[in-house]
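Hi everyone, thanks for making the time. I'd like to walk you through one structure, so please have a look at the screen while I talk.

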Amino acid sequence: MTFHYTVETEKTPEQAIEKLTEALKEEKFGVLWQLDMKAKLQEKGVDFNQTFHILEVCNPVEAKRVLSENSLVGYFLPCKIAVYEEKGKIRIGLPKPTALTGLVENDNLMAIATDIEKRLIACVDKSK
């Protein structure tokens, strides 16, 4: 089992982020924060020319469910989705919630993580 789900898109990073944001809203996930890694590193004087955006996304109801089950899951929150360029291709990907939650070894949490993972993957697929 791989720890991530990643797809390629013909869209620009900006178009992919816009579509992703729309798809996330349909699943009641919001983008809490977006980091333009290239711009941030260049602002800090680090030469980095790869397009790389990180979106932190959250569904408040699901966050409450998992945190109520086990506070350690907060180490994995919010969920992250990356939109980046690699070898001339734009990719959209995320660490699988089931891969991270598996580290906590809790069947109830795994069931919730499986549902969240399916929903986030559907959002990524709609945005490609």
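I'll go from the sheet to helix 1, then to the core and one residue in helix 5.

A word on the basics before we start. This is a predicted model, where local features need pLDDT of at least 70 and side-chain atom pairs count only at pLDDT 80 or more, while totals for chains, interfaces and linings use all residues. Residues are numbered from 1 along each chain as its sequence is written, and side-chain values use heavy atoms, with hydrogens and water left out.

Let's begin with the sheet. It is open, has five strands in the order 1-5-4-3-2, and pairs in the antiparallel sense. When I say helix or strand, I mean a DSSP run, numbered from the N terminus: H or I over at least four residues for a helix, E over at least two for a strand. Two strands count as paired if DSSP finds at least two bridges between them. At the edges sit strand 1 (4-9) and strand 2 (30-36), each pairing on one side only.

Now the pairings themselves. Strand 1 and strand 5 are antiparallel and joined by six bridges, with Glu8 opposite Arg91. Strand 5 also pairs with strand 4, antiparallel, over five bridges, and here Glu85 stands opposite Ile90. These two strands make a hairpin with two residues between them, and Lys87 in that turn has a positive phi of about 55°. Strand 3 (residues 52-58) and strand 4 (residues 79-86) are antiparallel too, with six bridges, and Ile54 faces Ala82 across that pair.

So how enclosed is strand 5? Five of its seven residues are buried, so strand 5 is largely enclosed by the rest of the structure. Buried here means under 20% relative accessible area, exposed means over 50%, and partly exposed is in between, using a 1.4 Å probe and protein chains only.

On to helix 1. Which of its residues are buried? They are Pro13, Ala16, Ile17, Leu20, Ala23 and Leu24. Those residues cover an arc of only 130° around the axis, which puts them on the same side of helix 1; the arc is taken from the directions between the helix axis and the C-beta atoms. The face turned away from that buried side carries the exposed residues Glu14, Glu18, Lys25 and Glu26. On the inside, the buried residues pack against strands 1 to 5 and helix 5, where contact means heavy atoms within 4.5 Å. Just after helix 1 comes Lys28, with a positive phi near 65°.

That takes us to the core. The largest nonpolar core has 24 residues, and those touching the most other members are Leu20, Leu24, Val57, Ile81, Val83, Ile92 and Leu120. A nonpolar core is a set of buried Ala, Val, Leu, Ile, Met, Phe, Trp, Tyr and Cys residues joined through side-chain atoms within 4.5 Å. Helix 5 gives the most to this core, with six residues. Leu24 is a nice one to click on: beyond four places away in sequence, its contacts are Phe29, Val31, Val57, Ile81, Leu120 and Cys123.

Last stop, Ser127 in helix 5. Is Ser127 buried or exposed? Ser127 is buried, with a relative accessible area of 0%. Leaving out residues up to four places away in sequence, Ser127 touches Thr9, Lys11, Ala16, Lys19, Leu20 and Ile92. Thanks for listening!
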